[in-house]
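The following paragraphs lead the reader through selected features of one model. Please keep the sequence and the three-dimensional view at hand while reading.

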Amino acid sequence: MRPFTTLIRLTFHNSILQILSMTFFKFFEGAKSIAIGGHVRPDGDCVGSCMGMYLYLKEVFPEKEVDVYLQNIPDALKVLERMDEIHEIIPEGKVYDLFICQDCGDKDRLEFSVPLFDSAKHTFCIDHHISNK
């Protein structure tokens, strides 16, 4: 049998996750167009989190325009599902309702997708680095 404190911690943790899930869902629900970008020289963390978010949003919100922007993806990661859908060039004048920054805590590290971040109506950063700005 688990200690009582562990059960409280797990219940609290699950409640927080449910609240965060509802908040994320509402946040994404309001955007008609969503761009996802990650840091320069993307590694497995970056590519995986960007593509995971992309595939999730495409499945949950099929009516939305969702695009991923990454450059110089290592060949070893190009075996992942739907990698051919990643954009390496920004269409001129393109503006999104929401830009999601994945695995990148510093706007300058977005490099080529900074213009999309700057022009987006809303931005959202999901990052685990302690240096997040």
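A disulfide is taken here as a pair of cysteine sulfur atoms within 2.5 Å. The model under discussion is a predicted one, and it holds 0 disulfides. Cys 46 illustrates the point: the closest cysteine sulfur belongs to Cys 50 and lies 4.3 Å from the sulfur of Cys 46, which is too far for a bond. Cys 104 likewise takes part in no disulfide, the nearest cysteine sulfur being that of Cys 101, 4.3 Å away. As to solvent exposure, Cys 46 is buried because its relative accessibility is 0%. Cys 104 also counts as buried, since its relative accessible area is 1%.

From the cysteines the account moves to charged side chains. How many salt bridges does a search of the whole structure find? The search returns 5 salt bridges, and three pairs are described below, beginning with Asp 97 and Lys 121.

In that pair, the closest N and O atoms of Asp 97 and Lys 121 are 3.0 Å apart. The salt bridge links distant parts of the chain, as the two residues are separated by 24 residues. Asp 97 is placed in the loop between β3 and β4 (98-102), whereas Lys 121 is placed in the loop between α3 (114-119) and β5 (122-126). The partners also fall into separate classes of exposure. Asp 97 is buried because its relative accessible area is 15%, under the 20% limit for that class. Lys 121, in contrast, is exposed, with a relative accessible area of 59%.

A second salt bridge joins Glu 85 to Arg 82, with 2.9 Å between the closest N and O atoms. Is each partner buried, partly exposed or exposed? Glu 85 has a relative accessible area of 26% and is therefore partly exposed. Arg 82 is partly exposed as well, at 31% relative accessibility.

A third salt bridge is formed by Asp 75 and Lys 78, whose closest N and O atoms are 3.4 Å apart. Asp 75 counts as exposed because its relative accessibility is 61%, while Lys 78 is partly exposed, with a relative accessible area of 46%.

Arg 82 deserves a second look for its backbone. Most residues other than glycine have a negative phi. Arg 82 has a phi near 65 degrees, a positive value in a residue other than glycine. This arginine lies in the loop between β2 and β3. Which other residue of that loop is described as having a positive phi? Asn 72 has a phi near 55 degrees, again positive in a residue other than glycine. Asn 72 lies in the loop that runs between β2 (65-69) and β3 (86-87). In accessibility, Asn 72 is exposed because its relative value is 58%, whereas Arg 82 is partly exposed at 31%.

The last feature is a nonpolar one. Phe 25, Tyr 56 and Val 60 form a nonpolar patch on the surface, and together they have about 240 Å² of accessible area. Val 60 belongs to helix α2, which comprises residues 44-60. With a relative accessible area of 32%, Val 60 is partly exposed, and a value over 30% is what membership in such a patch requires.

Definitions and conventions:
Residues numbered from 1 in each chain as written. Predicted model: local features only at pLDDT ≥ 70, side-chain atom pairs only at ≥ 80, totals over all residues. Heavy atoms only, no water. Helix = DSSP H or I, 4+ residues; strand = E, 2+ residues; numbered from the N terminus. Buried < 20%, exposed > 50% of the residue type's maximum accessible area, 1.4 Å probe, protein only. Salt bridge = Lys/Arg side-chain N within 4 Å of Asp/Glu carboxyl O. Patch = residues over 30% accessible without salt bridge, like charges linked within 9 Å, V, L, I, M, F, W, Y side chains within 5 Å. Areas by Shrake-Rupley, 256 points an atom, 1.4 Å probe, with all protein chains shown as cover.
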